[in-house]
Amino acid sequence: MSFYGNIWFERIFPQLVPVNEKLTQFRGFISALGEEFEVMLHLENGNLQLQGSWRLQQLLKPCQEAVVQSLKQSSSISVFLLELRDLLEKQLKQTKLRREILLPTPQYYSALLSHIAQCGWDRVEYVDPDLSTLHLTAKDEDGRLHILQLQLPRDYPEKPPVCSADLPEEFMFKWFPTSSLHDILEQFQTKLCFFQDFWMCMDEIDNSCWVLEPEKPGRKDYKRRLVLTTNGSVQISVNPQCHRSIPECQFLGAEKVIGPFRDNFNCNLEKWDVNNTILTNLKLVLDVEFPSPCSSSKKDYIVECGICYSFQMNDALPDKPCNNSHCSQLFHVECLIAWLRSVSTTTQSFSTLFGECPYCDMPITCKVS
Ligand code: ZN
Ligand code: ZN
């Protein structure tokens with residue numbers, strides 16, 4: 001490429017002017033689809049170089065190879081500029097298309113703002129800068145605060161938001177193209193009413209017992225691992241739909257420690273009365289006064305693993321006991337398996353390891369999953 005063009009050059013690119021007499025450098029603007037881009041062209045030893053504004057560079061990024069090829073192969077600067085304009089127009093059209101797909105319509109914003117106003121801005125706990133994620137608050141009858149998280153589609157309100165909340169079950173709601181956030185909040189409020197008594201029962205447990213798991217129970221959590229006594233706990237699994245009925249109970253600890261509780265549970269089941277709260281029933285059926293946070297320290301009941309000396313490991317608590325009644329030491333299953341495998345006298349039959357307790361040397365078994 002040597003010559004900058006032909007007689008048409010000035011007509012096609014009137015905003016580009018030569019900056020030197022040799023006509024090897026040009027500076028100015030090139031327009032595409034009504035938008036103008038600053039460019040500088042430099043012809044040196046037959047090689048054409050292009051420099052442009054930041055916007056131009058961003059636009060041409062996806063088609064950089066085509067630009068380089070055109071710079072090399074164009075027979076004149078005019079030909080190159082025509083090709084460059086084609087590329088720019090193509091990129092501009094694609095960007096516009098992408099923006100139309102990604103950005104919501106003005107109707108989206110006007111509907112959303114009026115819907116938020118209808119709920120009350122004081123109900124908005126969080127909103128992201130795009131106005132596409134929204135957290136709304138709701139109080140239940142007992143004054144507990146709940147948060148409803150909404151992800152709004154760009155064709156809202158024609159399409160419903162995706163909702164999530166800290167509830168024991170998925171929050172389902174009815175939605176029509178004429179619905180608004182207020183309708184969702186009302187349905188959410190009804191859902192909260194449904195779980196009132198369930199949360200009252202769980203709160204009573206959380207306030208009166210040492211809860212080992214979960215560490216910080218949420219409103220969705222229907223399981224609790226409660227301290228019965230040192231080295232002994234019970235995991236209850238409550239059905240939130242009919243929470244006053246007998247929960248599933250799993251006793252954790254050495255047989256000597258938890259055996260009596262399990263026996264009580266099995267003998268006293270007919271005493272379970274759905275008019276009582278879960279805690280009252282548990283006390284009655286297990287015949288136990290749960291150690292209370294008011295009168296004891298959690299440390300007294302948190303028993304560390306006899307191998308790694310920690311309480312929690314990978315979310316697991318030490319709940320594999322030695323069943324020698326004089327020992328009753330607790331281990332993490334993972335720790336015990338690792339220990340038993342490291343000892344040469346350990347044998348394995350199917351998926352069970354047979355070895356000796358690292359504390360009392362009495363036989364101990366452990367299932368390998
Ligand atoms: Zn351990
Ligand atoms: Zn032992």
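Author: Four donors count as tetrahedral if all angles lie between 85 and 135 degrees; four are square planar and six octahedral if opposite donors are over 155 degrees apart and all others between 65 and 115, and anything else is irregular. This is a predicted model, in which local features need pLDDT of at least 70 and side-chain atom pairs count only at pLDDT 80 or more, while totals for chains, interfaces and linings use all residues. Residues are numbered from 1 along each chain as written, chains are lettered from A and ligands numbered from 1 in the order written, and side-chain values use heavy atoms, leaving out hydrogens and water.

Reader: Happy to start with the metals! What is the geometry at the site of the zinc ion (ligand 2)?

Author: Cys-322, Cys-327, Cys-357 and Cys-360 each offer SG to this ion, at 2.2 to 2.4 Å. Donors here are N, O and S atoms within 2.8 Å of the metal (3.2 Å for Na, K and Ca), and water is not among the atoms, so sites may look incomplete. The angles among the four donor atoms run from 103 to 116°, and the site of the zinc ion (ligand 2) is therefore classed under the angle rule as tetrahedral.

Reader: How are those donors of the zinc ion (ligand 2) spaced along the chain, and is Cys-360 buried or exposed, or in between?

Author: Cys-357 is buried at 0% relative accessibility, where buried means under 20% relative accessible area, exposed over 50% and partly exposed in between (1.4 Å probe, protein chains only). Cys-360, at 23%, is partly exposed. The spacing of the donors is C-x4-C-x29-C-x2-C.

Reader: And which protein donors hold the zinc ion (ligand 1)?

Author: This site is also described as tetrahedral, with angles of 95 to 120° among four donor atoms. The sequence spacing of the donor residues is C-x2-C-x23-H-x2-C. The distances are 2.1 to 2.4 Å, and the donors are Cys-305 (SG), Cys-308 (SG), Cys-335 (SG) and His-332 (ND1).

Reader: How many residues apart in sequence are the parts that Cys-305 and His-332 tie together?

Author: Both Cys-305 and His-332 are buried. Helices (H or I, at least four residues) and strands (E, at least two) are DSSP runs numbered from the N terminus. Cys-305 lies in the loop between α8 (278-286) and β13 (320-321), and His-332 in the loop between β14 (330-331) and α9 (333-342), so the separation of the parts they tie together is 27 residues.

Reader: Now the packing, please: which element gives the most to the largest nonpolar core?

Author: A nonpolar core is a set of buried Ala, Val, Leu, Ile, Met, Phe, Trp, Tyr and Cys residues joined through side-chain atoms within 4.5 Å. The largest one has 47 residues, and those with the most contacts inside it include Leu-112, Leu-134 and Leu-226. Among the elements that supply at least two residues each are α5 (106-119), β6 (133-139) and α6 (181-208). With eleven residues, the element that gives the most is α6.

Reader: Some ring geometry next: what angle do the planes of Phe-251 and Phe-265 make?

Author: Rings of Phe, Tyr and Trp (its six-membered ring) pair if their centres lie within 6.5 Å; planes under 30 degrees apart count as stacked, over 60 as edge-to-face and the rest as tilted. Phe-194 and Phe-195 are an edge-to-face example, at 5.0 Å and 85°; Phe-194 is partly exposed at 44%, whereas Phe-195 is buried at 0%. Phe-251, in strand β12 (248-253), and Phe-265, in helix α7, tie together parts 14 residues apart in sequence. Their centres are 5.8 Å apart and the pair is edge-to-face, with the planes at 65°.

Reader: Where is the cis peptide bond that has omega of about 5°?

Author: The proline of this bond lies in the loop between β7 and β8, and Glu-158 is placed in that loop too. Glu-158 is exposed at 57%. The cis bond joins Tyr-156 and Pro-157.

Reader: Leaving aside neighbours within four places in sequence, which residues is Glu-158 in contact with?

Author: Contact means heavy atoms within 4.5 Å. Trp-175 belongs to an aromatic cluster with Tyr-108, Tyr-109 and Tyr-156. Beyond its sequence neighbours within four places, Glu-158 is in contact with Pro-177 and Trp-175.

Reader: One last backbone check: what is the phi of Ser-328 near?

Author: Ser-328 lies in the loop between β13 and β14 and is buried, with 5% relative accessible area. Its phi is positive in a residue other than glycine, near 55°.
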